[in-house]
Amino acid sequence: KAWDGIRYLLTGSSLEDSEATPALLSRAVMGGLKIGEDIGYGPMSYLTPIEVQEISVVLSKISPNELAKKFDAALMDDKKIYPDSWDKEMLPYLLDYYKVMRKYYKDAADRKNALLFFLT
């Protein structure tokens, strides 16, 4: 459930607002080339190994403290950021998952792996 909150903190927009976000960071959460059929929450997305490396470098420069400064529960609710029920107690939850995401990207980049996203 952290994916849209993290995306919002990184880009200032939700997945629904993908037109308004910086190209590279907009692909960090559920971005990339759409492939396959809709499996319930849209098709899968694919990032190439090069995209994974580029995103990993950018994420490594964005600290959890920087993201925390952008957290505004009321604004996130107004913008319908999933799950649409934010409060200040959810910030540590988002930051913990952001740390996991950064490590996942770093590990994938170090291995020169691609990434595949899908929601179930």
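Let's begin with the sheet in this predicted model: three strands form an open sheet in the order 1-2-3, and their pairing is antiparallel. Strand 1 (33-35) and strand 3 (115-117) are the edge strands; each has a single partner, so one side of each is left without a neighbour in the sheet. If you look at how neighbouring strands are set against each other, they are turned by 30° on average, direction ignored.

Now follow the pairing. Strand 1 joins strand 2 through 3 bridges in the antiparallel sense, and Leu33 has Tyr46 as its bridge partner in strand 2. On to the next pair: strand 2 (residues 44-47) and strand 3 also run antiparallel and are joined by 3 bridges. Here Ser45 has Phe117 of strand 3 as its bridge partner.

Helix 3 packs on this sheet, where it touches strand 2 and strand 3, and its direction makes about 80° with that of strand 2.

Which side chains of strand 2 are buried, and which are not? They alternate along the strand: Ser45 and Leu47 point to one face and are buried, while Met44 and Tyr46 point to the other face and are not.

Let's turn to helix 3 itself, which covers residues 49-60. A quick check on its length is possible: at 1.5 Å a residue, its 12 residues should span 16 Å, and the end C-alpha atoms are indeed 16 Å apart, so the two values agree. The buried residues of this helix are Glu51, Val52, Ile55, Ser56 and Leu59. Why do they line one face of helix 3? Seen down the axis, they fall within an arc of 135°, so they end up along one face of the helix. A general rule helps in reading such a pattern: an α-helix has 3.6 residues a turn, so residues three or four places apart point the same way. On the face of helix 3 turned away from the buried side, you will find the exposed residues Ile50 and Ser60. Among the elements covering the buried residues of helix 3 are helix 1 (3-11), helix 2 (23-26), strand 2, helix 6 (91-110) and strand 3.

One residue of helix 3 deserves a pause. Glu51 has a relative accessibility of 18%, and because buried means under 20%, Glu51 counts as buried. What lies around this residue? A polar atom of the Glu51 side chain is 2.8 Å from the backbone nitrogen of Thr48. Leaving aside neighbours within four places in sequence, Glu51 is in contact with Arg27 and Tyr46. You have already met Tyr46 as the bridge partner of Leu33.

Helix 6 can be read in a similar way. Its 20 residues should span 28 Å at 1.5 Å a residue, and its end C-alpha atoms are 28 Å apart, which agrees. The buried residues here are Leu91, Leu94, Leu95, Tyr98, Met101, Tyr105, Ala108 and Ala109. These buried residues cover an arc of only 145° around the axis, which puts them on the same side of helix 6. The face turned away from that buried side carries the exposed residues Val100 and Tyr104. What covers the buried residues of helix 6 includes helix 1, strand 2, helix 3, helix 4 (64-69), helix 5 (73-78) and strand 3. Finally, after helix 6 comes Lys112, which has a positive phi, near 60°.

Key
Residues are numbered from 1 along each chain as its sequence is written. This is a predicted model: local features need pLDDT of at least 70, side-chain atom pairs count only at pLDDT 80 or more; totals for chains, interfaces and linings use all residues. Side-chain values use heavy atoms; hydrogens and water are left out. Helices (H or I, at least four residues) and strands (E, at least two) are DSSP runs, numbered from the N terminus. Buried means under 20% relative accessible area, exposed over 50%, partly exposed in between (1.4 Å probe, protein chains only). A polar contact is a pair of N or O atoms within 3.5 Å; within protein, one must be able to donate a hydrogen and the other to accept it, and residues adjacent in sequence count only if both atoms are side-chain atoms. Contact means heavy atoms within 4.5 Å. Two strands pair if DSSP finds at least two bridges between them. Axes are lines fitted to C-alpha atoms, for helices over the stretch in contact, and angles run from 0 to 180 degrees between N-to-C directions. The expected span of a helix is 1.5 Å times one less than its number of residues. The arc is that of the directions from the helix axis to the C-beta atoms.
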